[in-house]
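Me: I have a structure open in front of me and would like to learn how to read its features one at a time. Could you take me through it slowly?

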Amino acid sequence: MKRRTYNNVMRAIKIVQAKGYEFKEASEIALKCFDNAEQANNGMPIEWWLDKVITASEYRQAAV
């Protein structure tokens, strides 16, 4: 995935949802990954950015 198309965003949301996030949180994270990739301009695919997202349980433990 390189471009921010509807299908690519939905695919990215599903990847983030698999890590335990709700749809709303997952959509925000997925869009941020697309924004980060665009700003960095280092040629890394969106999947690379999505791999850097921690699971929801890890996030909630770190927030406490």
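Reply: What follows is a walk through one helix, the salt bridges, an aromatic pair, the nonpolar core and a loop residue. Please keep in mind throughout that this is a predicted model.

Me: Let me begin with the helix α1, where I would like to know how its end-to-end span is judged: what should the twelve residues of α1 span at 1.5 Å a residue, and how far apart are its end C-alpha atoms?

Reply: The way to judge this is to set the expected span beside the distance found in the model. For the twelve residues of α1 the expected span is 16 Å, and because the end C-alpha atoms are 16 Å apart, the two agree.

Me: Which residues of α1 are buried, and how do they lie when seen down the axis?

Reply: The general idea is that an α-helix has 3.6 residues a turn, so residues three or four places apart point the same way. In this model the buried residues of α1 are Asn 8, Val 9, Ala 12, Ile 13 and Val 16. Seen down the axis of α1, these buried residues fall within an arc of 140 degrees, so they line one face of the helix. Tyr 6, Asn 7 and Lys 14, on the other side of α1, are exposed. As for what covers the buried residues of α1, the helices α2 (23-40) and α3 (46-51) are included.

Me: Asn 8 caught my eye in that list; why does Asn 8 count as buried, and which residues is Asn 8 in contact with, leaving aside its neighbours within four places in sequence?

Reply: Burial is read from the relative accessible area, and a residue counts as buried when that value is under 20%. Asn 8, which is found in helix α1 (residues 6-17), has a relative accessible area of 15% and is therefore buried. If its neighbours within four places in sequence are left aside, Asn 8 is in contact with Met 1, Lys 2, Arg 3 and Phe 34.

Me: How many salt bridges does a search of the whole structure find, and which parts of the chain do they link?

Reply: For each pair it helps to read the distance between the closest N and O atoms, and then to ask where the two partners sit. The search of the whole structure finds three salt bridges. In one of them Arg 4 is paired with Asp 35, the closest N and O atoms being 2.2 Å apart. This pair links distant parts of the chain, since Arg 4 is in the segment before α1 and Asp 35 is in helix α2, 31 residues apart. Arg 4 is partly exposed at a relative accessible area of 43%, and Asp 35 also counts as partly exposed, at 33%.

Another salt bridge joins Glu 47 to Arg 11, with 3.2 Å between the closest N and O atoms. Because Glu 47 lies in helix α3 and Arg 11 in helix α1, this pair ties together parts that are 36 residues apart in sequence.

There is also a salt bridge between Glu 25 and Arg 60, whose closest N and O atoms are 3.5 Å apart. Glu 25 lies in helix α2 and Arg 60 in helix α4 (residues 56-63), so the parts tied together here are 35 residues apart in sequence.

Me: Which residues form the aromatic pair, and how are their planes arranged?

Reply: Two things are read here, the distance between ring centres and the angle between ring planes. The count comes to one aromatic pair, formed by Trp 48 and Trp 49, with 5.1 Å centre to centre and 90 degrees between the planes, an edge-to-face arrangement. Trp 48 is partly exposed, with a relative accessible area of 31%, whereas Trp 49, at 17%, counts as buried.

Me: Which residues touch the most other members in the largest nonpolar core, and which element gives the most to this core?

Reply: A core can be read first through its best-connected members and then through the elements that supply them. Of the 17 residues in the largest nonpolar core, those touching the most other members are Ala 12, Val 16, Tyr 21, Ile 29, Cys 33, Ile 46 and Leu 50. The elements giving two or more residues to this core are α1, α2 and α3, and α2 gives the most, with six residues. Not counting residues up to four places away in sequence, Ala 12 touches Met 1, Ala 30, Phe 34 and Leu 50.

Me: Finally, where is Asn 41 found, and is Asn 41 buried or exposed?

Reply: The general idea to hold on to is that most residues other than glycine have a negative phi. Asn 41, although it is not a glycine, has a positive phi of about 50 degrees. Asn 41 is found in the loop between α2 and α3, and with a relative accessible area of 64% Asn 41 is exposed.

Terms used
Residues numbered from 1 in each chain as written. Predicted model: local features only at pLDDT ≥ 70, side-chain atom pairs only at ≥ 80, totals over all residues. Heavy atoms only, no water. Helix = DSSP H or I, 4+ residues; strand = E, 2+ residues; numbered from the N terminus. Buried < 20%, exposed > 50% of the residue type's maximum accessible area, 1.4 Å probe, protein only. Contact = heavy atoms within 4.5 Å. Expected span 1.5 Å × (residues − 1). Arc of directions from axis to C-beta. Salt bridge = Lys/Arg side-chain N within 4 Å of Asp/Glu carboxyl O. Phe/Tyr/Trp six-rings, centres within 6.5 Å; stacked < 30°, edge-to-face > 60°. Core = buried A, V, L, I, M, F, W, Y, C linked by side-chain atoms within 4.5 Å.
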